[in-house]
Amino acid sequence: MYKFFLRSLISVLFLLGFSLNANAEFKVGFVYVGPTGDHGWTYQHHEGRNAVEALGIKTTYVESVPEGADAERVIRQLAQSGHDLIFTTSFGYMDPTNKVAKDFPNVKFEHATGYKREHSNVSTYSARFYEGRTLLGHMAGKMTKTNTIGYIASFPIPEVIRGINAMTLAAQKVNPDIKTKIVWVFTWYDPGKESEAAQALIDQGADIIMQHTDSTAPVQVAEKAGVWSFGQASDMQRFAPKSILTSIIDDWAPYYVERSIAARDGTWKQQDTWHGLKEGMVAMAPYNSAMGSDLIKEVEQLQKDLASGKAHSFTGPIYDQKGNILVAEGAVADDGMLAGMNVYVKGVEGDIPQ
Amino acid sequence: MIRVEKRNDVSRSIYFLTPVLAIFLTLFGGGIIFFILGFNPIEALKFFFITPISDLYGLSELLVKATPLCLIAIGLSFCFKSNNWNIGAEGQLIFGGIVGGGVALLFYNHDGFYVLPIIILSGAIGGMLFAMIPAILKTYFNTNEILVSLMLVYVAKLLLDFLVVGPWSNPEGFNFPETRQFSESARMPILFDGIRIHAGIFITLISVFLSWLILYKTYLGFQIKVSGLSLKTAKYAGFKGKTMIIIVFMISGACAGLAGVGEITGPIGQLHRNISPDYGFTAIIVAFLGRLNPIGIIFASLIVALTYLGAETAQIFLQVPKYTGQVFQGMILFFLLGSDYLLFFKIKFLGLKKNEL
């Protein structure tokens, strides 16, 4: 018995002793916060990775990495194991990304949705999702019968507040009586909580459900209740074919391809990217024909104008809830104001949780 | 004919062989799973169990991960040994983190050697008080401690959510759900430059030693063991059951609270919503894998920590799904409990005797 164990131990150790030679091939690493099958945020980043892989560039990903003490190790391991460019695709990776970047000056880091670039090898990138929200607002304002829009919000950070405001402003433009009701769920992904929130909003009279969370639960609740809804991050049409008017799609593929090629060819430079409809980082899924062809035409025109810069989501006059002016008539909000947005515009109900 | 017989004396050699056997069986079972998934089993196992700890950084990460697991499991062993089912170590960890983190924020931009000890102490007290809730409810109102301690996990999580989103959120943090980074004086000292192993490991080691002392050298330890073996005997011997229940919960909660405060002042450095990747629940596996024995728990925490690291490296190098780590944890426990059977029973292979034919 003992001899058997001893022999197997020796043979296993011997076999394990063969190590693979590390090679100097160009490699790109991705760190995901969720599973690749979430049909939302991580799914779209994974699609972006697939586009890089399709170029013949070797890629690696690690999924469901918690935003706590583990993130730093995973990022460091990717850097250590010969990855030349690393995308960290969640806000919570901001400090770990910068920490690791300091120790690996030759590795390039790209952090999604953050604002810290403490070292010259860290870039940040995000998308102007609020442009998509403007289109949603236009459709919602036209389609609602109860003049009440239900909005499932994740965290009271500028990105989410910006989306709520952009949507409300656009809806008010076509329907001055519009009211926006918000439920804060304090999660990015929790199908249970999200569907409860959707139901609560429907019970309060909302006949449009919008979400700034990643699961498909809200659109499925809307489908059952027979109200309109919008998908988030990826085209969620197949989860609620009748209810969904369109989805805002995060298309990271062009950016990931561009940055991977730049890093491979040695032309990569630090930058802060904020792309929108124009560059295609924000895209719209096909519009539901139930809206009618007139409305679809209007929305398509607005989409073109937002992309070309002829229209802007935050064009004055814009007032806050108390009626103070935020953006003067004829002016547009600058990126600095958008990046730090922490007040609701007039017409949004309730207070921002502080 | 096969006959299973209860052993009168547990064989010493098998006692030491079973954990090794469990690990071998896990390696074997894991190899089969990798093979089914289409990976080279030997290569996958190498990336899983050897690569993560093949350098100094990896070894330090192993200890970083094992430190809280070991500490919590040590605390839990007091509860489990005395038949008190504290399932809520995760909540006690979070509550300890909240209290310790609150004190750390109170001392923001304060220098002084006294800052860190106060934070650590307050974290331990936080976890201890939180664990006393199920203990007191059990002793005085006869509630089920499994349910109460488990439910309190969600209470602690929601409280942490509330604090980091609202009153404690970083004023310069654009409303993101996290507090400020603690000042240097509130951080666990890093032992060596460039790696993350921190002074928290000494807290764990001291706790291991103290728990051994209490369990094996004191009257309290004797009471705990007797109550675990037979409640009736304990009562007959005149042990004060209620006091003991509260004390084991206090010890367990303090350990979990210490683990929480070690995480936030160590590798994390601030409070946010994800201060623990379910350490409090994983520590239950660690406690049983270590046979509720202080030395055993040290080894068990290292092995379970390795399954986490291994899952990450295996995904990086081979794109093995990350959840295989959890499969390995489950397999180790399953095989250990299975081979424990051999500890208490022996299997006799008897030839067929002539008169039976």
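The following exchange concerns a predicted model and the criteria behind its descriptions.

Author: Residues are numbered from 1 along each chain as its sequence is written, and chains are lettered from A and ligands numbered from 1 in the order in which they are written. Local features need pLDDT of at least 70 and side-chain atom pairs count only at pLDDT 80 or more, while totals for chains, interfaces and linings use all residues.

Reader: What agrees with the expected span of helix 12 of chain B?

Author: Helices are DSSP runs of H or I with at least four residues, and strands are runs of E with at least two, numbered from the N terminus. The expected span is 1.5 Å times one less than the number of residues. For the 25 residues of helix 12 (residues 294-318) of chain B this gives 36 Å, and the end C-alpha atoms lie 35 Å apart, which agrees.

Reader: What makes helix 12 of chain B mostly covered?

Author: A residue is buried if 20 or more other C-beta atoms, placed from the backbone, lie within 10 Å of its own, exposed if 12 or fewer, and partly exposed in between. In helix 12 of chain B, 18 of 25 residues are buried.

Reader: Which element of chain A has the lowest mean pLDDT?

Author: pLDDT is the predictor's confidence in each residue, from 0 to 100. Helix 1 (residues 2-16) of chain A has the lowest mean, 48, and strand 3 (residues 85-88) of chain A the highest, 97. The mean for chain A is 90. Where pLDDT is low, the predicted coordinates should not be read in detail.

Reader: How many residues of chain A are in contact with chain B?

Author: Contact requires C-beta atoms, placed from the backbone, within 7 Å; 28 residues of chain A are in contact with 25 residues of chain B. Helix 3 of chain A supplies the largest share of that side of chain A, 7 residues.

Key:
Two residues are in contact if their C-beta atoms, placed from the backbone, lie within 7 Å.
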